[in-house]
Amino acid sequence: MTFEQIVFYFFSAIMVFSGLRMITVRNPVHAALFLVLTFFTAAALWLLMEAEFLGIVLVLVYVGAVMVLFLFVVMMLDINIARMREGFIQFLPVGVLVAALMVVEIILVVSAKPFQVPAPERAPADYANTEELGMVLYTEYVYPFELAAVILLVAIVAAIALTMRRRPETKHQDPARQVKVNRNDRVRLVKMKAEKK
């Protein structure tokens, strides 16, 4: 077994473990942190496959931006975990059936003929995968790329809308009322006689 295979299996094992922990852990913040670990190990695998740009983009975009947004939404929504888990056993058979169907679909897709390709040869030293990725992304796949950007924009707007909802138990400020206030509404001058000792 070569050194590259050892590194591949090491990061793959960590990625599978963190992915399983992400869906089995009870705390949503811990689940988001396990997802961060999954992204880091996936980026390491991209680097191992000489796709440096994709590995760095995975860390910068997903770990640096999307996961911060996920954590922000999870912490701002104040989700009641106990109430969400009350009907867990009731929907367990449906979840197991859907999971089994997904595993069968993944096996069928991966065992299909287009996925049975030989290992690629090493790229020459002057090869730039960033340039090739840009050419493919902005010519052949420009419409799916723009569609993904619109979906991300909708997700950001939805996250902001969820955090802006009014909750009666929390205190909030109205900046419009704060700007309109004048001195007579806030300050009351009281005249008192001087005290004698």
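**Note on the helices and the nonpolar core**

1. The largest nonpolar core has 10 residues in all: Ala32, Leu35, Val36, Phe39, Ala42, Ala43, Leu58, Val63, Met67 and Leu71. At least two residues of this core come from each of α2 (28–48) and α3 (52–77). Helix α2 supplies the largest share, with six residues. The model is a predicted one.

2. In soluble globular proteins, nonpolar side chains tend to be buried together. One member of the core here is Ala32. When neighbours within four places in sequence are left aside, Ala32 is in contact with Met67 and Leu71. Both of these contact partners are also listed in the core.

3. Helix α1 covers residues 3–24, which is 22 residues. At 1.5 Å a residue it should span 32 Å, and its end C-alpha atoms are 32 Å apart, so the expected and computed values agree.

4. The buried residues in α1 are Val7, Ser12, Ser18 and Gly19. Seen down the axis of α1, the buried residues fall within an arc of 135°, and therefore they line one face of the helix. The element they pack against is α2.

5. Thr41 is a residue of helix α2. Its relative accessible area is 3%; because that is under 20%, Thr41 counts as buried. Apart from neighbours within four places in sequence, Thr41 is in contact with Phe11, Ile14 and Met15. Residues 3–24 form α1, so these three contacts of Thr41 in α2 lie in that helix.

Key
Residues numbered from 1 in each chain as written. Predicted model: local features only at pLDDT ≥ 70, side-chain atom pairs only at ≥ 80, totals over all residues. Heavy atoms only, no water. Core = buried A, V, L, I, M, F, W, Y, C linked by side-chain atoms within 4.5 Å. Buried < 20%, exposed > 50% of the residue type's maximum accessible area, 1.4 Å probe, protein only. Helix = DSSP H or I, 4+ residues; strand = E, 2+ residues; numbered from the N terminus. Contact = heavy atoms within 4.5 Å. Expected span 1.5 Å × (residues − 1). Arc of directions from axis to C-beta.
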